[in-house]
Amino acid sequence: MMKDADALDILRAQGYAVGTPDAHTGRVRVWIRGSDEAVDVQIGRELHELVEGKVSFEDMRARREDEAVVWTE
């Protein structure tokens with residue numbers, strides 16, 4: 001069984017910028033490659049499904065459109 005830390009390392013190895021998991025919300029922010037957008041990913045099942053290719057960023061965004069964040073720096 002994959003650990004959350006391993007899943008985060010896989011995302012980083014794939015070129016994604018990954019924030020620090022928030023113990024209070026149970027989420028971690030992952031920035032989408034090639035854009036300034038980020039999605040807050042639920043630690044655990046959702047994170048593992050993302051890494052395994054069972055769910056995409058678009059799927060997550062559709063689930064909770066209001067949680068997608070656009071950074072304008």
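1. The aromatic pair. A search of the whole structure, which is a predicted model, finds one aromatic pair. The two partners are Y16 and F57, and their arrangement is tilted. Their ring centres are 5.3 Å apart, with 50 degrees between the planes. An angle between 30 and 60 degrees is neither stacked nor edge-to-face, so the term tilted applies.

2. What the pair connects. Y16 belongs to the loop between α1 (4–13) and β1 (17–18), whereas F57 belongs to helix α3 (residues 57–63). The pair therefore ties together parts that are 41 residues apart in sequence. Both partners are buried: this holds for Y16 and for F57.

3. A charge over the ring. Y16 has a further neighbour to note, namely R33. The charged end of R33 sits over the ring of Y16, at 4.3 Å from the ring centre.

4. The overall plan. The chain contains three helices and four strands. Read from the N terminus, the order of these elements is α-β-β-β-α-α-β. The chain has 73 residues, of which 36% count as buried. The accessible surface of the chain comes to about 4,800 Å², and 49% of that surface belongs to carbon and sulfur atoms.

5. Contacts along the chain. Consider the contacts between residues at least 6 apart in sequence. Of these, 34% join residues at least 24 apart.

6. The hairpin of β2 and β3. Strand β2 covers residues 27–31 and strand β3 covers residues 37–42. The two strands pair in the antiparallel sense, over five bridges. They form a hairpin, with five residues between them. Within the turn, G34 has a positive phi of about 80 degrees.

7. The two faces of β2. In which direction do the side chains of β2 point? They alternate along the strand. V28 and V30 point to one face and are buried, while R27, R29 and W31 point to the other face and are not buried.

8. V30 between two neighbouring strands. Strand β2 also pairs with β1, again in the antiparallel sense, over two bridges. On the β1 side, V18 has V30 as its bridge partner in β2. On the β3 side, V30 stands opposite V39. The buried residue V30 is thus a useful place from which to trace both pairings on the model.

9. The link between R29 and D40. D40 is placed in strand β3, and D40 is the bridge partner of R29. The side chains of these two residues are also joined, by a polar contact of 2.8 Å. Is D40 buried or exposed? Its relative accessible area is 16%, which is under the 20% limit, so D40 counts as buried. R29, by contrast, is among the residues of β2 that are not buried.

10. D22 in the loop before β2. D22 lies in the loop between β1 and β2. With a relative accessibility of 32%, D22 counts as partly exposed. The side chain of D22 reaches the backbone nitrogen of H24, at 2.8 Å. D22 and I43 are 21 residues apart in sequence, and their C-alpha atoms are 9.0 Å apart in space.

11. T25 in the loop before β2. T25 lies in the loop between β1 and β2. T25 counts as partly exposed, at 46% relative accessibility. A polar atom of the T25 side chain lies 3.3 Å from the backbone nitrogen of R27. The C-alpha atoms of T25 and Q42 are separated by 8.3 Å, although these residues are 17 residues apart along the chain.

12. R63 in helix α3. R63 is found in helix α3. How does R63 count, as buried or as exposed? R63 has a relative accessible area of 52%, which is over the 50% limit, so R63 is exposed. Residues up to four places away in sequence being left aside, R63 touches E46, E49 and V55.

Definitions and conventions: Residues numbered from 1 in each chain as written. Predicted model: local features only at pLDDT ≥ 70, side-chain atom pairs only at ≥ 80, totals over all residues. Heavy atoms only, no water. Pairing = 2+ DSSP bridges. Phe/Tyr/Trp six-rings, centres within 6.5 Å; stacked < 30°, edge-to-face > 60°. Buried < 20%, exposed > 50% of the residue type's maximum accessible area, 1.4 Å probe, protein only. Lys NZ or Arg CZ within 6 Å of the ring centre and 35° of its normal. Contact = heavy atoms within 4.5 Å. Areas by Shrake-Rupley, 256 points an atom, 1.4 Å probe, with all protein chains shown as cover. Polar contact = N/O pair within 3.5 Å; in protein donor to acceptor, adjacent residues only side chain to side chain.
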